[in-house]
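Biologist: I am new to this structure. Please pick one part, look at it closely, and tell me how it is built and what surrounds it.

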Amino acid sequence: MMRTAAIYAERKLGHKTVAVLPVHYPREIFTAMDVHTVELWGPPGPPRGPDAGRIQAYACAVVRNALAFLASGGADAADAILFPHTCDSIQGLATLAPDFGGWGKPALRYLHPKGGDGPAARTFVRAELVHLADRLAELTGRPLALPRLAEAIRLHARIDRLRGEILSRRAFLGMDDRELYRLLRRGEFLAPGDHLAELAAAARGLGGERAQRGVPLMVTGYVPEPATILDSLASAGAFVAADDYAAVGRRVPLSPPADGGDPLDTLAAKAFTMPPCPTRGGDQDVRMEYLETLYRRSESAGLIVHIQKFCEPELFDVPAIRRRFARIGAPLLYLEGEMEASLSGQVVTRLEAFVEMVDAGRKAP
Ligand code: SF4
């Protein structure tokens, strides 16, 4: 509902809207071209129509729910859809929905780099950015203006900086996890300026004193759905001290963009400053190093691996995560979800038992 309301508010301003499938995409280009973006993570809950059945039962609920949602008209308020090249399932959906029914408006694609930095990779990303801008120009009737892109890069850099500050100093913020994630995930559909204002207000609450007293846990996974996982953690006496969700922490760059120069080059460079994410390939050892550093820096006492069932990119890294965290003696809880509306009683019990065990381990002499 909130996402649809955001689309209508933008329409009144004369802005087009693009619905965006997960995970990574260059939002700066859209902002620079006055195109509003609304992300589509599922949505969670039961599929909104029979079309989910057109995708194999062994594909993740994110794409199955997305097809049902699109085919039932859930995203009709949007003017186009973007399929980033996240995984085979989204690529399959990118063919299935426009070609075989489910989406009749323009379908855009964006290939992000899979792997490390280098001149060829930068050239590739730059070409993808130009191609995307050309497709958006067909939608808006106006070409990309580079000064507007430079402005958009600065705006999103401020958003990223605040998101990074809030996440890295999470224990010093007097907000519960449910509120915090509501704030962070509103960035999936709010206009960037509105999201920035909300983040700035929240960041003013970051104090010098530790505000979180619960059991600090790190979470790595795809998307914090169902959101009741946050309530269950809180009632078990824990909080998320470090976030490595693809939807949240993995979209905060590790360093700010360079000042000046060609904005398309700056944006292409940003793709290589992001935390390691299995949906973008890359070196698994580098990712394990990153996760361990995040875990230690946040003083987390346990790790929850929370992924979507049948998610190949995330599953690919799970054995390495298990090995790495076993080696450092970190307790680990593995959870698989299917975009349910809420956690089952069985999963809640497992979470409670895990928090109790971690807490007992912390207090043991
Ligand atoms: S959950 Fe995994 S498999 Fe499904 S769309 Fe996302 S990345 Fe692809």
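Modeller: Start with a term: two residues are in contact if their C-beta atoms, placed from the backbone, lie within 7 Å. Keep in mind that this is a predicted model.

I will show that term at work on a helix, α6, and then turn to my chosen part. Helix α6 runs over residues 146–168. Its buried residues include Leu-149, Ile-153, His-156, Asp-160, Arg-163 and Leu-167. Among the elements that cover the buried residues of α6 are α2 (27–32), α7 (177–185), α8 (192–203), β6 (238–245) and α10 (263–270). Does the length of α6 agree or disagree with what is expected? It agrees, because 23 residues at 1.5 Å a residue should span 33 Å, and the end C-alpha atoms are 32 Å apart.

Now the chosen part: α12, residues 312–327. Take its length. The 16 residues of α12 should span 22 Å, and because its end C-alpha atoms are 24 Å apart, the two values agree. Yet α12 has a bend. The bend is about 35°, at Val-318. A proline, Pro-319, follows within four residues. Just after the helix, Gly-329 takes a positive phi of about 70°.

Next, which residues of α12 are buried? They are Pro-313, Glu-314, Asp-317, Ile-321, Arg-324 and Phe-325. An α-helix has 3.6 residues a turn, so residues three or four places apart point the same way. The buried residues of α12 pack against two strands first in my list, β5 (215–221) and β7 (302–308). They also pack against β8 (332–337) and helix α11 (284–297).

Then there is the ligand. A shell of 15 residues lies around the ligand. α12 gives the most to this shell, with three residues. Also giving two or more are α3 and α4 (88–100). Cys-60, Val-62, Cys-87, Gln-308 and Cys-311 come nearest to the ligand. By class, the shell has nine nonpolar, four polar and two charged residues.

One of these partners around the ligand, α3, leads on to the core. Helix α3 covers residues 61–71 and gives the most to the largest nonpolar core, with nine residues. That core has 105 residues, and Ile-29 and Leu-67 touch the most other members. Beyond its neighbours within four places in sequence, Leu-67 is in contact with residues including Asp-51, Ile-55, Leu-93, Leu-96 and Gly-102.

Conventions. Residues numbered from 1 in each chain as written. Predicted model: local features only at pLDDT ≥ 70, side-chain atom pairs only at ≥ 80, totals over all residues. Core = buried A, V, L, I, M, F, W, Y, C linked by C-beta atoms within 7 Å. Buried ≥ 20, exposed ≤ 12 C-beta atoms within 10 Å, placed from the backbone. Near = placed C-beta within 6 Å. Nonpolar A, V, L, I, M, F, W, Y, C, P; charged D, E, K, R; others polar. Expected span 1.5 Å × (residues − 1). Bend = angle between axes of the 7 residues up to and from the residue.
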